[in-house]
Amino acid sequence: MARHFTCDTAMPRRKPAQPVSSHLRQSIASAAARLMAEDGIGDYGQAKRKAARALGAGEGEALPSNEEVEAELRTYQALFQDEEQAQRLRELRQAALETMEFLADFRPYLTGAVLDGTAGRYAEIDIELFADSAKDVEIFLLSHDISYEIAVNRQHGPDAPETRLRFSWGDSGVLLSIYPFQAERRQKAGSHSARAKADAVAALLAG
């Protein structure tokens with residue numbers, strides 16, 4: 001006659017594992033932050049795509065938001081680049097102010113990483129200008145013997161700049177995004193919508 005045995009000891013329940021997609025998203029955000037901090041990649045999208053490829057993520061995987069990468073970037077800089085990053089940020093803001101004063105006729109605004117405080121050792125200074133024509137800015141630079149190059153314009157649509165120019169100011173790179181005058185009053189959407197005039201940059205340096 002067959003005997004049946006039962007076990008009164010309950011198996012411990014396992015905690016639900018973190019979803020793979022969530023773990024991968026966090027890993028991509030961390031890797032992208034390192035690329036921005038150490039390799040000088042200034043574009044969030046580029047950093048995320050490169051990090052995803054390095055981690056073997058498929059094209060269908062959801063990438064982290066810019067805000068998630070920015071949070072990881074601030075954490076990384078605080079842990080590994082604290083004093084260096086603070087000094088470099090001050091140097092970049094000083095160069096930004098000088099550049100903005102030089103380009104005062106074109107109503108400059110500082111945007112991007114130098115403004116929000118996440119700029120690393122290789123960061124560019126992002127400045128928005130407003131002019132009747134981008135050619136006016138080009139002529140102005142040439143008249144002051146400043147060499148420049150046309151930068152790739154990755155933005156599209158009505159809020160895209162007319163032209164982007166890149167040049168050097170001291171040992172800092174400057175990226176100009178040139179818009180028509182009427183675009184100055186439009187509030188631009190996106191993670192880099194914050195912008196500051198020269199007096200606000202001067203206040204940051206004085207603080």
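# Exercises on a mixed sheet and its helices

In strand 4, Arg 166 is the bridge partner of Glu 149. The model is a predicted one. The exercises below start from this pair and work outwards.

**Exercise 1. Follow Arg 166 across the sheet. Which residue of strand 5 is its bridge partner?**

Step 1. Begin on the side of strand 3. Strand 3 and strand 4 pair in the antiparallel sense, over two bridges. The pair Glu 149 and Arg 166 belongs here.

Step 2. Move on to strand 5. Leu 175 is the partner of Arg 166 there.

Step 3. Place that pair in its ladder. Strand 4 and strand 5 are joined by seven bridges in the antiparallel sense.

Step 4. Look at the turn. The hairpin of strand 4 and strand 5 has two residues between the strands. Gly 170 takes a positive phi near 65° in this hairpin.

**Exercise 2. Assemble the sheet. What is the strand order, and which strands stand at the edges?**

Step 1. Take the pairing of strand 1 and strand 2. They run antiparallel, with three bridges. Thr 111 has Asp 126 of strand 2 as its bridge partner.

Step 2. Take strand 2 (residues 125–131) and strand 5 (residues 172–180). These run parallel and share seven bridges. Two of the pairs can be named: Ile 127 with Leu 176, and Ala 131 with Pro 180.

Step 3. Add the antiparallel pairs of strand 4 with strand 5 and of strand 3 with strand 4.

Step 4. Read off the result. The order is 1-2-5-4-3, in an open sheet of five strands with mixed pairing. Strand 1 (109–111) and strand 3 (149–150) are the edges; each has a single partner strand, so one side of each lacks a neighbour in the sheet.

Step 5. Add the helix on the sheet. Helix 6 (residues 134–143) packs there and touches strand 2, strand 3, strand 4 (163–169) and strand 5. The direction of helix 6 makes about 20° with that of strand 4.

Step 6. Check the cover of strand 2. Six of its seven residues are buried.

**Exercise 3. Describe the packing of helix 4 and helix 7. At what angle do their axes cross?**

Step 1. Choose the descriptors. A pair of packed helices is described by the angle and the distance between the axes.

Step 2. Apply them. The axes of helix 4 (residues 82–102) and helix 7 (residues 198–206) cross at roughly 150° and come within 10 Å.

Step 3. Classify the angle. Angles over 145 degrees count as roughly antiparallel. Helix 4 is therefore roughly antiparallel to helix 7.

Step 4. Give the hand. The crossing of helix 4 and helix 7 is left-handed.

Step 5. List the contact residues. Helix 4 supplies Arg 90, Arg 93, Gln 94, Leu 97 and Met 100. Helix 7 supplies Ala 198, Val 201, Ala 202, Leu 204 and Leu 205.

**Exercise 4. Examine Phe 102. Which residues is it in contact with, leaving aside its neighbours within four places in sequence?**

Step 1. Locate the residue. Phe 102 is found in helix 4.

Step 2. Judge its exposure. Buried would require under 20% relative accessible area. Phe 102 has 22% relative accessibility, so it counts as partly exposed.

Step 3. Name the contacts. They are Phe 140, Leu 141, His 144, Ile 146 and Trp 169.

Step 4. Take one of these, Leu 141. Phe 102 and Leu 141 are 39 residues apart along the chain. Their C-alpha atoms are separated by 10.0 Å.

**Exercise 5. Compare Arg 107 and Asp 145, two non-glycine residues with positive phi. Where does each lie?**

Step 1. Take the angles. Phi is about 50° at Arg 107 and near 60° at Asp 145.

Step 2. Place them. Arg 107 is in the loop between helix 4 and strand 1. Asp 145 is in the loop between helix 6 and strand 3.

Step 3. Assign exposure. Arg 107 is partly exposed, at 38% relative accessibility. Asp 145 is exposed, with a relative accessible area of 72%.

**Exercise 6. Step back to the chain. How many helices and strands are there?**

Step 1. Count the elements. The chain has seven helices and five strands.

Step 2. Read them from the N terminus: α-α-α-α-β-α-β-α-β-β-β-α.

Step 3. Add the burial. Of the 207 residues, 40% count as buried.

Step 4. Add the contacts. Among those between residues at least 6 apart in sequence, 63% join residues at least 24 apart.

Step 5. Finish with the surface. The accessible surface comes to about 12800 Å². Carbon and sulfur atoms account for 51% of that surface.

Notes: Residues numbered from 1 in each chain as written. Predicted model: local features only at pLDDT ≥ 70, side-chain atom pairs only at ≥ 80, totals over all residues. Heavy atoms only, no water. Helix = DSSP H or I, 4+ residues; strand = E, 2+ residues; numbered from the N terminus. Buried < 20%, exposed > 50% of the residue type's maximum accessible area, 1.4 Å probe, protein only. Contact = heavy atoms within 4.5 Å. Areas by Shrake-Rupley, 256 points an atom, 1.4 Å probe, with all protein chains shown as cover. Pairing = 2+ DSSP bridges. Axes fitted to C-alpha atoms, helices over the stretch in contact; angles between N-to-C directions. Parallel < 35°, antiparallel > 145°, perpendicular 65-115°, else oblique. Left-handed = near helix turned anticlockwise from the far one by under 90°.
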